[in-house]
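Morning, everyone. I have one model to take you through, and I will keep it short.

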Amino acid sequence: MTAGHGISPRSDTGHARATLDKAASENFPVAPAFLPRAWREGLMAVYGYARLVDDIGDGDLAPGGRDAVLLGLDPAAVDDRLAMLDAFEADLLRVFGGTDGPPRHPLLLALQPVVRTHALTPEPFLGLIEANRQDQRVARYETYGDLLGYCELSANPVGRLVLSLTGTSTPERVRRSDAVCTALQIAEHLQDVAEDLGRDRIYLPAEDMRRFLVAETDLKAPSAGASVRSLVAFETQRARDLLDEGTPLVGSVHGRLRLLLAGFVGGGRAALRAVTAAGFDVLPGPPKPTKSGLVREVAAVLRTVPRKG
């Protein structure tokens with residue numbers, strides 16, 4: 001199919017690699033070198049899937065329409081996000097044994113052996129697609145509870161997949177993982193307030209904006225006023241509390257998985273510390289943690305979390 005559109009397997013591989021390379025810009029290490037090779041490959045396959053879904057939903061796909069062609073659509077369909085998400089979901093079902101052949105997109109083709117090896121279920125993957133559909137329909141969230149419902153689709157599936165990939169999923173770990181993942185999502189929202197507004201999206205709950213006397217026009221300023229800073233400080237503390245709730249997850253596992261999960265928690269803490277260090281002024285651009293700051297936070301998690309068992 002792809003050859004008929006003038007796209008070679010080699011260029012497809014490079015195209016997929018460009019998506020995977022975005023892992024370096026995340027707040028937390030995606031698949032660090034200290035992990036067993038099978039884990040790294042699984043985590044990168046899941047990351048590639050999650051990153052591509054988000055790029056479809058955000059309109060951040062590479063120019064030229066190659067992803068649309070790979071999914072069996074006309075190149076011009078790359079700008080129709082809902083059509084792209086529908087085609088991507090159809091390709092996901094091929095990963096799980098669809099009747100019309102193997103997956104077409106190289107990132108989904110790479111995901112298929114991981115799904116089979118670890119007996120992964122479709123639900124977490126479908127949740128990520130639904131979150132991006134929701135992004136096309138919902139641009140504002142009235143309550144914090146509404147935002148948590150969105151995070152249940154957009155963030156929590158990733159943590160659940162990590163637990164499944166490493167064979168460590170239990171109900172208690174899933175609960176802690178959900179808290180960490182929601183905190184990471186909120187931290188990213190706080191860093192990206194200005195960028196999200198440029199997409200006509202606001203992830204600060206409307207009820208909180210009213211409480212702190214923040215209007216949408218205040219978020220368009222080049223620098224945050226006192227009300228916006230107070231609001232961001234409030235949401236930062238909420239995310240920190242969620243991280244604290246989820247942190248015992250790190251102590252419930254051993255070895256290299258413990259270090260990986262400490263990386264996730266430490267990455268979230270470092271991101272929130274960067275927001276705090278910016279005086280909660282997130283409007284000039286996303287406050288980003290330094291690598292040394294990330295290492296310090298990961299070390300602090302490992303030092304302070306008691307081991308179980």
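I will go through confidence, the core, a few helices, the cavity, and then some backbone angles.

This is a predicted model, so confidence comes before anything else. Mean pLDDT for the chain is 90, and 90% of the residues reach 70 or more. The weak part is residues 1-10, where pLDDT stays under 50. The model does have 11 contacts beyond four places in sequence for that stretch. Where pLDDT is low, the predicted coordinates should not be read in detail. I will leave those contacts at that.

Next, the core. The largest nonpolar core has 80 residues. Which residues have the most contacts inside it? They are Y49, F88, F125 and L219. The element that gives the most to this core is helix 14, residues 255-277, with nine residues.

Take F125 from that group. Leaving out residues up to four places away in sequence, F125 touches V46, Y49, L92, F96, L111, V115, L120 and L161. Y49 in that list is also among the residues with the most contacts inside the core. L161, another of the partners of F125, belongs to helix 8 and is buried.

That brings me to helix 8 itself, residues 156-165. Seven of its 10 residues are buried, so helix 8 is largely enclosed by the rest of the structure. The buried ones are N156, P157, G159, L161, V162, L163 and L165. After helix 8 comes G167, with a positive phi near 65°.

Now L85, which sits in helix 4, residues 81-95. Is L85 buried or exposed? Its relative accessible area is 0%, so L85 is buried. Its contacts, not counting residues up to four places away in sequence, are V53, I56, I129, N132, R133 and Q136. For I56, the C-alpha to C-alpha distance from L85 is 6.9 Å, and the two are 29 residues apart in sequence.

On to the cavity. How many cavities of 30 Å³ or more does a search of the whole structure find? The search finds one. The space inside is about 100 Å³. Two elements, helix 9 and helix 10 (193-198), give two or more residues to its lining. There are 14 lining residues, and those nearest the centre are H189, L190, V193, Y203 and L204. By type, the lining divides into 10 nonpolar residues, one polar and three charged.

H189 is worth a closer look. H189 is in helix 9, which covers residues 171-191. Its relative accessibility is 8%, and because of that H189 counts as buried. Beyond its neighbours within four places in sequence, H189 is in contact with L147, Y150, D196 and Y203. Y203 is therefore a contact of H189 and, like H189, one of the lining residues nearest the cavity centre.

Last item, backbone angles. Most residues other than glycine have a negative phi, and most peptide bonds are trans. L213 has a positive phi, near 60°. L213 lies in the loop between helix 11 (206-211) and helix 12 (226-246). At 69% relative accessibility, L213 counts as exposed. F280 also has a positive phi, about 65°, and is not a glycine. F280 is in the loop between helix 14 and helix 15 (291-304).

That is the tour. Questions, please.

Note on methods. Residues numbered from 1 in each chain as written. Predicted model: local features only at pLDDT ≥ 70, side-chain atom pairs only at ≥ 80, totals over all residues. Heavy atoms only, no water. pLDDT = per-residue confidence, 0-100. Contact = heavy atoms within 4.5 Å. Helix = DSSP H or I, 4+ residues; strand = E, 2+ residues; numbered from the N terminus. Buried < 20%, exposed > 50% of the residue type's maximum accessible area, 1.4 Å probe, protein only. 1 Å grid on protein atoms, 1.4 Å probe; cavity = no way out; pocket = protein on both sides within 12 Å on 5 of 7 lines; lining within 4 Å. Points joined across faces, edges and corners; volume = space filled by probe spheres on them. Nonpolar A, V, L, I, M, F, W, Y, C, P; charged D, E, K, R; others polar. Core = buried A, V, L, I, M, F, W, Y, C linked by side-chain atoms within 4.5 Å.
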